[in-house]
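User: Hello! I would like to go through some labels in this structure and see what stands behind each of them. Could you take them one at a time with me?

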Amino acid sequence: MTFKKTILCIGAGYVGGPTMALIAYKCPQYKVTVVDIDPKRIAKWNSDNLPIYEPGLDEIVKATRDRNLFFSTEIEREIKESDIIFVSVNTPTKMFGAGSGMAADLQYWEKTARQIRKYAESHKIIVEKSTLPVKTALAMERILSSAENDIHFEVLSNPEFLAEGTAIKDLEDPDRVLIGSRETPSGLKARDELVEIYANWVPRERIITSNVWSSELSKLVANAFLAQRISSINSITALCEKTDANIMEVARAVGMDSRVGSKFLNASVGFGGSCFKKDILNLVYLCRHYGLDEVADYWEGVVRINDYQKERFILNMLSAMFNTLAGKKICLFGFSYKANTGDTRESPAIFIARRLIEEKAELVITDPKALNNAMIDLNGVDGKISYVEDPYKASANCDAIAVMTEWEIYANLDFEKIYKSMAKPAFIFDGRNILDHKRLYEIGFNVFPIGKPALTHF
Ligand SMILES: NC(=O)c1ccc[n+]([C@@H]2O[C@H](COP(=O)([O-])OP(=O)(O)OC[C@H]3O[C@@H](n4cnc5c(N)ncnc54)[C@H](O)[C@@H]3O)[C@@H](O)[C@H]2O)c1
């Protein structure tokens, strides 16, 4: 079969894999290949056991793989054969040298720019899919144009707004697709080519365009705003707990104002995931770089409140359980940073688990999709930790359950059965406010929600 164009994506991760699978699914006229430096990851993408879990992803990969979707490690060949290259490599927080702990680590991204320059033999459109500091496209252009040939690379910014756990739904029906380009004839032409791909399934009015720098910055700001909402509501949970107000009632009343809106107002043990913290810190770093310390301080507060919320959760557990957790057996319900994903990057559960071990508690961790990642995250932690998939078996003989992830299954468990199997007094700390607290109290549990009065039998 001959294809209209050949698309390559460098980076077969949580973004590159699902995004390209969906483009291949919606655009059978394009050949889509995803490459990665990690051969194990590519082997998994080519197997029945995909490297990431996302509802609906298996079906889409099955329908497209080896038809117009391919996973490969042949980076050199695929760069040569492609017309459009998406770069979707990881851009974690830099942990060394200048900007350590704040700036984006651009080493993976820069390596791909150099690979593209080295192997490309024809003009190409380069699409930044990774989340990058504003002005990164300029550096990309400079690296690409330093080759001694007349190949033209047009760099576009097309940040990804999908959320893990709903990636396929978000990709199929996005709120918006943002494409940033240079306002030159070649920039606008490249932009139109990318618009044409998305227009296969996204309504035109939701495909918005801007200059490159606005596009790069919009992604950082979008994540900062989302995280800010979580920190805003979480900051109020502490006040609710002091005053017997109920955060769920407060959030409902506040969110019904259409200027505020009701989404992202769920109180919790804190936000996690690979993006929010790193993108805010990146924004903070950029602001400081430009001498905007007040702006930097403002956004840094979002991360500070998140850290405070996680520590507060531990201190609440300690105070509720008679100021000692030593030797107590605590079951973590969930380890992924949110429901419907196995991803545990920056999951609050990692912090909570480590802190509980510091307090000399014994841990049993259960999660439907994230136990392998949990074992990797806690590898080397010096303490008693076991991993049990069945939540009934996991919680048996435990002193307390701490809900870390809002998996739907946890709300529907037989808590009478669980209560009977636990040590007494039995405690539940609901870090996601997903359980029926009154009912749990009636069963016999001492219940500690977030930002709501505790229900205790003493
Ligand atoms: N995960 C999310 O929910 C999400 C959402 C929106 C945007 N983003 C952004 O998208 C980017 C990718 O995130 P992710 O979660 O998919 O990361 P990831 O770590 O899951 O995947 C990145 C992949 O790139 C590969 N890679 C690194 N250098 C390479 C190279 N030189 N050649 C080929 N492959 C290379 C890695 O091996 C890895 O498999 C990041 O910038 C992130 O901030 C992520």
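Analyst: Gladly. Asn 340 sits in the loop between strand S9 (329–333) and helix H13 (348–358). Please keep in mind that this is a predicted model.

User: Why is Asn 340 called buried?

Analyst: Asn 340 has 20 other C-beta atoms within 10 Å. The label buried asks for 20 or more, so Asn 340 qualifies.

User: What makes the phi of Asn 340 worth a remark?

Analyst: Phi of Asn 340 is near 65°, a positive value in a residue other than glycine. Most residues other than glycine have a negative phi.

User: Which label does Asp 66 get, buried or exposed, and why?

Analyst: Asp 66 is exposed, with 9 other C-beta atoms within 10 Å. A residue counts as exposed at 12 or fewer, so the label fits Asp 66. Asp 66 also has a positive phi, about 65°, although it is not a glycine. Its place is the loop between helix H3 (57–64) and strand S3 (69–72).

User: How do you know that the peptide bond from Lys 424 to Pro 425 is cis?

Analyst: Its omega is near -5°. Most peptide bonds are trans. Pro 425 belongs to the loop between helix H17 (415–421) and strand S13 (427–430).

User: What makes Phe 445 a buried residue, and what does Phe 445 touch?

Analyst: Within 10 Å of Phe 445 there are 25 other C-beta atoms. Since buried starts at 20, Phe 445 is buried. Leaving out residues up to four places away in sequence, Phe 445 touches Tyr 419, Ala 426, Phe 427, Ile 428 and Leu 440. Phe 445 lies in the loop between helix H18 (437–443) and strand S14 (446–448).

User: Let us turn to helices. How do you know that the span of H8 is close to the expected one?

Analyst: Helix H8 (residues 185–198) has 14 residues and reaches 20 Å from its first C-alpha to its last. At 1.5 Å a residue, 20 Å is expected, so the span is close to that value.

User: Why are the buried residues of H8 said to be on the same side?

Analyst: The residues in question are Ala 190, Arg 191, Leu 194 and Ile 197. They cover an arc of only 110° around the axis, which puts them on the same side of H8. Pro 185 and Lys 189, on the other side of H8, are exposed. The cover over the buried residues of H8 includes helix H1 (16–26) and strand S2 (30–35), along with strands S5 (124–128), S6 (153–157), S7 (177–181) and S8 (207–211).

User: How do helix H5 and helix H6 pack, and which residues make the contact?

Analyst: Helix H5 (residues 107–119) and helix H6 (residues 136–144) pack at an angle of about 35°, with their axes 9 Å apart. H5 passes H6 in a right-handed crossing. H5 contributes Glu 110, Ala 113, Arg 114, Ile 116 and Arg 117 to the contact, and H6 contributes Met 140, Ile 143 and Leu 144. By class, this contact has five nonpolar, no polar and three charged residues.

User: What makes Leu 144 buried?

Analyst: Leu 144, in helix H6, has 20 other C-beta atoms within 10 Å. The cut-off is 20 or more, so Leu 144 is buried. Beyond four places in sequence, Leu 144 touches Ala 113, Ile 116, Arg 117, Ile 126 and Phe 153. The C-alpha atoms of Leu 144 and Ala 113 are separated by 6.6 Å, with the two positions 31 residues apart along the chain as the sequence separation.

Terms used: Residues numbered from 1 in each chain as written. Predicted model: local features only at pLDDT ≥ 70, side-chain atom pairs only at ≥ 80, totals over all residues. Helix = DSSP H or I, 4+ residues; strand = E, 2+ residues; numbered from the N terminus. Arc of directions from axis to C-beta. Contact = placed C-beta atoms within 7 Å. Axes fitted to C-alpha atoms, helices over the stretch in contact; angles between N-to-C directions. Left-handed = near helix turned anticlockwise from the far one by under 90°. Nonpolar A, V, L, I, M, F, W, Y, C, P; charged D, E, K, R; others polar.
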